[in-house]
Amino acid sequence: MREAIELKDPGAPARKYTDTTDGREEVDPPETPMVVFVNSRSGGRHGPELTSRLQELIGEDQVFDLSEVKPSDFVQYGLLCLEELAESGDVIAKVTRERLRVLVAGGDGTVGWVLGCLGELHVHNREPVPPSAIIPLGTGNDLSRSFGWGGSFPFAWRSAIKSTLQKAAVGPVCRLDSWHVTVTMPEGDSLELPHSLRYIEQHNDSQELDTNRNILDRVSSFEGVFYNYFSIGMDAQVAYGFHQLRNKNPNLARGPISNKLIYSGYSCTQGWFFTPCTADPSLRGLRNIVRIYVKKVNCSEWEQIKIPNSVRSIVCLNLPNYGSGRNPWGHPKPEYLEKRGFVEAHLDDGLIEIFGLKQGWHASFVMIDLITAKHIAQAAAIRIEIRGDEWRRAFMQMDGEPWKQPLRGDFSTLIDIKKVPYQSLMVTG
């Protein structure tokens, strides 16, 4: 597989090994074949050391540093090489392809990147899709927490790595929903997208909504997939500022603990806790510029949802963990769920939870589990319409990757969120 990736040609290695099949010693297929992707830039100084240790344990050809090999190249060339060998009659290649598992060492963004590339196998009918396990190297690690892999990289990782490999090889597999996001904005506005988003051909299908907002015929669109959350508002503004700060000073935060301390301190400077006195009070809540429409389960009609007063951040959450293991949706009682028309939240139920955070004090109480967030809706599909009015930009983030979205006062920006038709396979720790 590595040879196919380096050559960017799955056929050449496949042909070579097919031609040398005669005379080779018969060997048994591997019980639990595995490849590992390591984000060596995560985990502070431990990233490169972890890569070396994994290569010692399972072989250099099975461990890929993401700074050198992209998961898309692995899918396009490495896996295709196995598939071509299997089609030529190589039993070991066939069994390896069927039993293969993936271990991702990185943060939530890294895991989502790998899952997104593996999801392309569904699109091209190249099943089975390898299930993924996690070594948490990021700051929040909410995907890792949700599947039992822990919230942080262990200090005694050298002794723990063998047991992690064993769990990744034999652990049970469960399913995870993922959500496709499309942002449509007026043509001509430009912005710098995070790597999880990409521009697509222009389209505009807003006519199905009953709205009197102005919609442009000529638009620019981009899309991506998230596994944990999508948010708009102050939390994304803080995340964007923190990322900019860290990019300018790469030595400032080199581990999860220092990241969290700097992030917490930075949030206090962004108006999250104290709205500047010069700000117009009418602009403090997102309800001034945002409309939310949802489709509920087994329903084809859009329904507009009221946004509570003073909500400064709207979060669409897929996992039970958010913000380093917190659960802002909480565990509502059955009678409350029935009254609101909700069901108990699960990460594979085809539904996404929408909640709001007010000022920083409210968010702080939510994050220490004293209260739950402001429940807004539970939906099978979401459309968010943003009209800038006096606002010239809004901050958004998707699985921890923030960006600054330009807004116009005369035309709307539309955000469509719908469930991806296939689910990701995850190994539980």
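In this predicted model, K8 pairs with D73 in a salt bridge whose closest N and O atoms are 3.4 Å apart. K8 sits in the loop between α1 and α2 (11-19), whereas D73 belongs to helix α4 (residues 71-87), so the contact ties together parts that are 65 residues apart in sequence. The two partners differ in how much of their surface is open: K8 is partly exposed, with a relative accessible area of 47%, while D73 counts as buried at 14% relative accessibility.

A second pair involves R2 and D61, for which the closest N and O atoms lie 3.6 Å apart. Here R2 comes from helix α1 (residues 2-7) and D61 from the loop between α3 (46-58) and β2 (63-65), so this salt bridge ties together parts that are 59 residues apart in sequence. In this pair it is the basic residue that is covered: R2 counts as buried at 18% relative accessibility, whereas D61 is exposed, with a relative accessible area of 51%. Cut-offs help in reading these values, because buried means under 20% relative accessible area and exposed means over 50%; R2, at 18%, therefore falls on the buried side, and D61, at 51%, on the exposed side.

Further along the chain, K296 forms a salt bridge with E303, and the closest N and O atoms of this pair are 3.6 Å apart. Both ends are partly exposed, K296 with a relative accessible area of 32% and E303 with one of 34%. Salt bridges also link E83, R97 and R126 in a network. The count for the structure comes to 10 salt bridges. As general background, side chains of opposite charge can pair when their charged atoms come close.

Attention now turns to empty space inside the protein. A search of the whole structure finds two cavities of 30 Å³ or more, and the largest has a volume of about 60 Å³. Its lining is made up of L115, L118, G119, H122, V129, P130, S132, Q423, S424 and L425. The elements that give two or more residues to this lining are α6 (108-123) and β19 (424-427), and α6 supplies the largest share, four residues. By class, the lining of the largest cavity has five nonpolar and five polar residues, with no charged residues.

Several points in the backbone also deserve a closer look. In general, most residues other than glycine have a negative phi, and most peptide bonds are trans. A cis peptide bond joins E127 and P128, with an omega of about 5 degrees. P128 is placed in the loop between α6 and β4 (132-136). V129 and P130, which come next in the numbering, are among the residues that line the largest cavity.

Positive phi values turn up at N141 and D399. N141 is not a glycine, yet its phi is about 55 degrees. This residue is found in the loop between β4 and α7 (142-146), where N141 is buried, with a relative accessible area of 1%. D399 likewise is not a glycine and has a positive phi of about 50 degrees. It is located in the loop between β16 (393-398) and β17 (401-406), and D399 is also buried, with a relative accessible area of 12%.

Strand β4, which borders the loops that hold P128 and N141, contains I135 as well. At 5% relative accessibility, I135 counts as buried. I135 and A168 are 33 residues apart in sequence, and the distance between them in space is 9.6 Å from C-alpha to C-alpha.

On the outside of the protein, F365, I368, L370 and I371 form a nonpolar patch, with about 390 Å² of accessible area together. One of its members, I371, lies in the loop between α12 (360-367) and β14 (374-379). I371 is partly exposed, with a relative accessible area of 38%. A residue of a patch needs over 30% relative accessible area, so I371 meets this requirement at 38%.

Conventions:
Residues numbered from 1 in each chain as written. Predicted model: local features only at pLDDT ≥ 70, side-chain atom pairs only at ≥ 80, totals over all residues. Heavy atoms only, no water. Patch = residues over 30% accessible without salt bridge, like charges linked within 9 Å, V, L, I, M, F, W, Y side chains within 5 Å. Areas by Shrake-Rupley, 256 points an atom, 1.4 Å probe, with all protein chains shown as cover. Salt bridge = Lys/Arg side-chain N within 4 Å of Asp/Glu carboxyl O. Buried < 20%, exposed > 50% of the residue type's maximum accessible area, 1.4 Å probe, protein only. 1 Å grid on protein atoms, 1.4 Å probe; cavity = no way out; pocket = protein on both sides within 12 Å on 5 of 7 lines; lining within 4 Å. Points joined across faces, edges and corners; volume = space filled by probe spheres on them. Nonpolar A, V, L, I, M, F, W, Y, C, P; charged D, E, K, R; others polar.
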